[in-house]
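Please open the model in your viewer and keep the selection panel at hand. The tour below goes from one selection to the next and says what is found at each stop.

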Amino acid sequence: MIPPRESMQVPPAPLRPAAALAPNIQAFVRLLRRAGLQVGPGDALLAMEALSIAGLDSRAGFRAALKATLLRKHEQNDIFDAAFELFWRDPERARAGAAMALMEAQKPEERAKPGGRRLAEAMAGDRPKPPPPEEEEKRELDASMTVSERERLQQMDFEAMSAAEISQAKQEIRKLVLPLDARPTRRFRPDPLGPRVDIRATIRAATRTGGEIATIARRRQVERTPPLVAICDISGSMARYAQILLHFMHAVTADRDRVHSFLFGTRLSNITRQLRHKDPEIAFEMISHIVPDWSGGTRIGEALERFNQDWGRRVLGQGAVVLLITDGLDREGGRGLAEATDRLQRSCRRLIWLNPLLRYAGFQPKSQGIRAMLPHVHDFRPVHNLASLKALVDALSETPKREHGR
Amino acid sequence: MTATLPADVAATTALLAAGGYVADAALATTVHLALRMGRPLFLEGEPGTGKTEIAKVLAAQLPRGLVRLQCYDGLDLSAAAYEWNHARQLMAIRMAEARGETANLEASIYERRYLEARPLLRALEGEPSVLLIDELDRADEPFEAFLLEVLSDFQITVPELGTIHAATPPVVIITSNRTREVHDAIRRRCLYHWVDYPDAARERAILALRAPQVAETLSAQVVAFVQRLRQGDYYKLPGVAETIDWANALAALDARELEAGAVNATLGVLLKYQDDIAKLRGEEAARLVAEAKEGARA
């Protein structure tokens, strides 16, 4: 919940007559825009109209009028309040630029320079740029692989791959197509072979034939894929897998609608919007700006609790399938993990845990985190090489063995 | 707009208060603006913070008819706006055939009298009304697209008949519990307000209005308890509606003050998830009761 800002003890701004107000409103709208809010010139006019109705005699009313017209999402409330305090304390100075610069820093999602990284790579030479540590083991791989090479790549652990092999693997991932897994909605569309009669269309057709019902129009229920939610661990132990799995998520996001993606290490970030960018490089660049905790520690329980609280009800409707991608190695020793996983499982249709540790033949669920989570998932599978990703795709198309709750 | 609209923010606050709704300054200003600017009002917030109530109170106080469209998954045009009365149309076709008047058939069976109005069309036609589009987040995205025409121009286009305009635009209140994000295009056409849980003073004022038979000591303690409870980490925090119900429940049990036994017995009125109840029951409840009594006295 947001603490009331009124307590911040800001001296009321000297409100000028309406003539001076218009440029100030415009400047304030510009400030909000620079802080990442989507407000346009039309909204400034709307705000002026609102102010002329609400009057300028109280600061609270002034703020409420601006909020009602310029704010559209609750998430932006804090930024709006900060901008309001900053700007309306001294509009003249703020317009001069100090506030603008400050708000730049508050911007929630930095816009990436399109293709910046690839441009740099292009300047450096025409070979794909490998991640630094693997430089020495870089091997030449022909773009057209032989069958045996392809097979080897399928089975190879992501962690053991060289940079070139990773880029090959990424290409393979692009080719994976998730099954649509469609379910009926309550909407209809016209379909000549559909099971239901569309009376409205039938009558419309009848008027054309002078009232004679020559054909019966039919319709059928629209089918739609349920939401897919990925929650991926990016702590130190998962870093290498996370990189590849992000590519997987990006491919899936481009492939179907209603995919929501989250990353967590020590805190939870929603990267759905960023992943929607068509170009993976730009998407990852944008993600790197909003995710502060790459390769840090893990607090799985806390991240899942946050997910349940903030997002569960918003993204898990309509029979969502959840991919939980983590090795289950928790810094907090599994505290709160069982409850959070249980709640998560009960609020989705299917909870699939993807764990790269499963690649080891004699894997035993010894760590506390894994033991806490394991009883609460529908499905537990490895995710360390291309073959396991393919198996996941296949598994998603079969009906689950155990269905819990809904 | 009609002359019955309140003249300023103070009048709007008074209007809402007369209907039993205690609005803070920001909400009253926003409601006032929505009324005067003729814009839909988009209210978001946790369940139980009184979003739907605003529409009901406005309808009762203005006074206007309340037209309510409850949204659900799969809500479509025929349930939300209008539907042709197919049986009567078919009959008309048969009659026309019998009389041999099939030349002008199209115009004659697509007359207004064959059109059945559903909430959206009802709100546009006839007497000025308050249109409540409740829990828009429950409807699916295709439905939102259809709403755009209604919200920006207060009109509905029926392909066979033409465009139907509202003589007097309805006061439109849209609510959402944020079970999913509502599209920006809808937000752009509306004034926006986030309805938060009320602070202690406002919640006491609400209780005084909505549960007047509850003694002052008890209602102050109830509010202090609920306010503390909302600081905690529960799956579903109690809303204002739950506070009112709880105060009534305690009063019905003849409680004069909060005490652990009665609180434990009535937790189901306040919290709606078994996990939450289990978490609060016993020691935690006793601790909050003690704190609430302390807080209410202060």
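## Chain B and its partner

Begin by selecting the charged side chains of chain B in this predicted model: there are 32 positive and 42 negative ones, and the centres of the two sets lie 3 Å apart. Next, show chain B as a cartoon, where you can follow 16 helices and nine strands. If you turn the C-alpha trace along its principal axes, chain B spans about 85 × 45 × 35 Å, and its radius of gyration is 24 Å, whereas a compact globule of 298 residues would have a value near 19 Å.

Colour chain B by accessibility, and buried residues will make up 52% of its 298 residues, while the accessible surface of the chain comes to about 12400 Å², with 52% of that area belonging to carbon and sulfur atoms. With contacts drawn, and counting those between residues at least 6 apart in sequence, you will find that 75% join residues at least 24 apart.

Now select the residues where the two chains meet: 40 residues from chain A and 56 residues from chain B take part in the contact. The area buried between chain A and chain B is about 4300 Å², and carbon and sulfur atoms give 53% of it. On the chain A side, pick out A:Arg187, A:Arg200 and A:Arg313, which lose the most area to chain B and together account for 17% of what that side buries.

Move on to chain A as a whole, whose secondary structure comes to 17 helices and nine strands. Of its 406 residues, 49% count as buried, and its accessible surface comes to about 19900 Å², of which carbon and sulfur atoms hold 53%. Among contacts in chain A with a separation of 6 or more, residues 24 or more positions apart account for 76%.

For the last stop, select A:Ser237 and centre the view on it, in the loop that lies between β4 (228–233) and α11 (239–255) of chain A. Is A:Ser237 buried, exposed or partly exposed? Its relative accessible area is 37%, so A:Ser237 counts as partly exposed. Leaving aside residues up to four places away in sequence, A:Ser237 touches A:Asp327 and A:Leu329, and you may wish to add both to the selection. Finally, draw a distance from the C-alpha atom of A:Ser237 to that of A:Gly297, which is 60 residues away along the chain, and the separation will read 8.6 Å.

Notes. Residues numbered from 1 in each chain as written. Chains lettered and ligands numbered in written order. Predicted model: local features only at pLDDT ≥ 70, side-chain atom pairs only at ≥ 80, totals over all residues. Heavy atoms only, no water. Helix = DSSP H or I, 4+ residues; strand = E, 2+ residues; numbered from the N terminus. Rg over C-alpha atoms; globule rule 2.2 N^0.38 Å. Buried < 20%, exposed > 50% of the residue type's maximum accessible area, 1.4 Å probe, protein only. Contact = heavy atoms within 4.5 Å. Areas by Shrake-Rupley, 256 points an atom, 1.4 Å probe, with all protein chains shown as cover. Lys, Arg positive; Asp, Glu negative; His and termini not counted. Charge placed at Lys NZ, Arg CZ, Asp CG, Glu CD. Buried area = accessible area lost by both parts, 1.4 Å probe.
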